Amino acid sequence: MRIVCIGGGPAGLYFGLLMKKLHPEHSITVVERNRPYDTFGWGVVFSDATMEAMKVWDDESAAEIQDAFNHWDDIEVLFKGTRQRTTGHGFVGIGRKKLLNILQARCEALGVELVFETDVASDLEFPDADLIIASDGLNSNVRNRYADIFQPDLVVRPNRYIWLGTDKLYDAFTFDFRKVGDDWFQAHIYKFDDETSTFIVETTEEAYEAHRLGDLDQQGSIDFCEKVFSEVLDGGRLMTNARHLRGSAWLNFNRLICGKWSHFNGQSHVVLMGDAAHTAHFAIGSGTKLAIDDAIELTNQFQKIGHAKETIPDVLAAYEDIRRVDVARIQNAARNAMEWFEVVGRRYADTLEPEQFMYSMLTRSQRISHENLRLRDKTWLEGYERWFAAKQGLNVKDGERCLPPMFTPYRLRGVTLPNRIVVSPMAMYSAKDGLLDDFHMVHLGSRALGGAGLVFAEMTCVSPDARITPGCLGLWNDEQKAGWKRFIDFVHANTTAKVGIQVGHAGRKGATKLAWDGIDQPLEEGGWPLISASALPYLKNSQVPKEMDRADMDRVKADFAAATRRAAEAGADWLEFHAAHGYLISSFLSPLTNRRTDEYGGSHENRARYPLDVFASIRAVWPQDRPISVRLSCHDWFEGGNTQEDAAIFAEMFKAAGADLIDCSSGQVWKEEKPVYGRLFQTPFSDKIRNEIHIPTIAVGAISEADHANSIIAAGRADLCAVARPHLADPAWSLHEAAKIGLKSVPWPKQYLSGKVQYETNLARATQTGT
């Protein structure tokens, strides 16, 4: 085949050398606009895993690269006068120029033709090529020529950064956070050769403007950064190799995702690779890794499918299918890390103590979890666990394993939970006339015996017409209150768990069938009239609700207050006000469901007016020594709906009204929603509200193991974790998760102690045998 690589970065060079090594008969040319053995940039970072893959594919270049690499295991963080260090992270750094020079020399030795000082405007300049690799970077001419086909999604991120170097050498990947006036600046620093370290300085657009950095030339920017980071530089000087750039050389990161990666131009197959196809933020140092992995996978597919012109379409299809998944995973992690640095000042640096700030930074991408940190640096993590436990008032001795974060107690007002795990409210559709009966006693009682700290039943409706289905729980009469009291007394007498009641009203989502008979489908008989903020049905075939008038509002508010009194009289420890998921209160908050033109529609203040009025009525009758949480839909997942920014505004309003905690859910407001699911996908909402609005939060959604909960709570992204479906599958989820992480100090009910010993023994045996 005739192969042309446009762009002589890591992707084009590495693909060229691999293909030439494996099939010398290929004619391969790499075309580069820079001079021979010349490049811009400082150091690049690989993980140990990428280096191992390179050894498999071309040991000769890998050996030379490894000899030139600077390897480190430690990360050091300078913050608020502290210097913290952890080990076991396994990174390698190399100068970008050195890396490319090694790859260039290897290409030449294998017979790859290198053409320098040549700008390529179009792929059509190579009509004889069977395959064209568009590895011409973020500003790819080739990709831009076929933008309608490649569908690039390019987003300019808000932070500013400047890529510098220093002659001071560092023995760890170092992060330095400095506050200048009201603004935070951070430096990402790592050694990449025997003489030089990369020194990236990053800050927000607001700080960039406030300090007039755009008015500075490059030397002025260097002088500014040297002053800010004088302590970590300790006499070292900063320098730039970007004198070719005009102005101050402060840049914005561009996040790129392409909808398609390959195209046949009528003569040649064209495929994107490296930064031309995707970018990953430097916060996790993966741009070069992605380029190398692209080259390896495309070569791998040629090896599997065949090195022939006829196989190219199949090869490119397989390459894109495989790489798209891995790139998405890396980009998601890079996005998480990037966004952490974009809000680090107001959300973390101004809020967290140094110990928790360090933990938050280490887990910023959500790829490194609590137990992964234990594998990397057991000593550091267990020291942090002791610090966290001591902050909760536990007496912890040095050298002893203490309770991990999810099993530490949590106190709010006069209620202390034995741990941070919440059984999330989950509709069972099994009540008759709203009564909590024997099914609920067994269902909820088993979860309380199973070790959770706080147990909620499903949304408990404040009136018969507040129900979602005929099978929903209620608290509109004293018979229902008696059922609740029976259950609460049982939990208090037999477990350490606390009981929460979530009061709510279905609104326009009411009068529907039981879930297994047709979820959200309207009742064909036995229904009841519906009310909502506006007269909008949930489904096209749903009943159209009445837009609430003053009389409706007064009645519903009284119903909430009456149900709250009954919850208090039944002995509930915790009350939750359901203002999420498109139910009645939520329908006022979302602009998708609130189309009112009176004082209850329009602005945030107007949309929250009635929800806050109802909340005030329940706060007034709920005991002052017991907490009230508010469940919010923190994202409507539909254009024109609420986002996390709106949720933060509402959270602040509820906080001012006396809410103790925000339960951060999302969605279920608009049927055509398009949620973006994923591991811990709703945790960022909790993180934002907790650390920017400064109110405790519950994280909920795709939390399925102790590692998730410990990571969330330890990093300060939430105070509690609500677990739903895993609790349906395993009533003793909390006890079992404790055993899985080797924690034997969590108590089991005395009746089950023999089972505890057997369970822990079986886990230990399985670990030893690998089964």
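**His-307, helix α1 and the core**

Start with His-307: at 18% relative accessibility, it counts as buried, because the cut-off for buried is under 20%. Keep in mind that this is a predicted model.

Where is His-307 in the fold? It sits in the loop that links α10 (287–305) to α11 (312–342). Its side chain makes two histidine pairings. One is a polar contact with the side chain of His-26, at 2.9 Å. The other is a polar contact with the side chain of His-23, at 3.5 Å. Setting aside neighbours within four places in sequence, His-307 also has Met-1, Met-19 and Phe-302 among its contacts.

Met-19 takes us to helix α1. Met-19 is one of the buried residues there. Eleven of the 13 residues of α1 are buried, so the helix is largely enclosed by the rest of the structure. The buried set includes Pro-10, Gly-12, Tyr-14, Phe-15 and Lys-20.

Is the length of α1 what we should expect, and what is the span? At 1.5 Å a residue, residues 10–22 should span 18 Å. The end C-alpha atoms are 18 Å apart, which agrees.

Now the core. The largest nonpolar core has 199 residues. Tyr-14 and Phe-15 are among those touching the most other members, along with Phe-177, Leu-298, Phe-357, Trp-484 and Leu-632. The largest share of this core comes from α11, with eleven residues. Apart from it lies another core, of 22 residues, including Tyr-170 and Val-228.

Last, Phe-15. Beyond its neighbours within four places in sequence, Phe-15 contacts Leu-298, Thr-299 and Phe-302, among others. Phe-302 is also in contact with His-307.

Technical notes: Residues numbered from 1 in each chain as written. Predicted model: local features only at pLDDT ≥ 70, side-chain atom pairs only at ≥ 80, totals over all residues. Heavy atoms only, no water. Helix = DSSP H or I, 4+ residues; strand = E, 2+ residues; numbered from the N terminus. Buried < 20%, exposed > 50% of the residue type's maximum accessible area, 1.4 Å probe, protein only. Polar contact = N/O pair within 3.5 Å; in protein donor to acceptor, adjacent residues only side chain to side chain. Contact = heavy atoms within 4.5 Å. Expected span 1.5 Å × (residues − 1). Core = buried A, V, L, I, M, F, W, Y, C linked by side-chain atoms within 4.5 Å.
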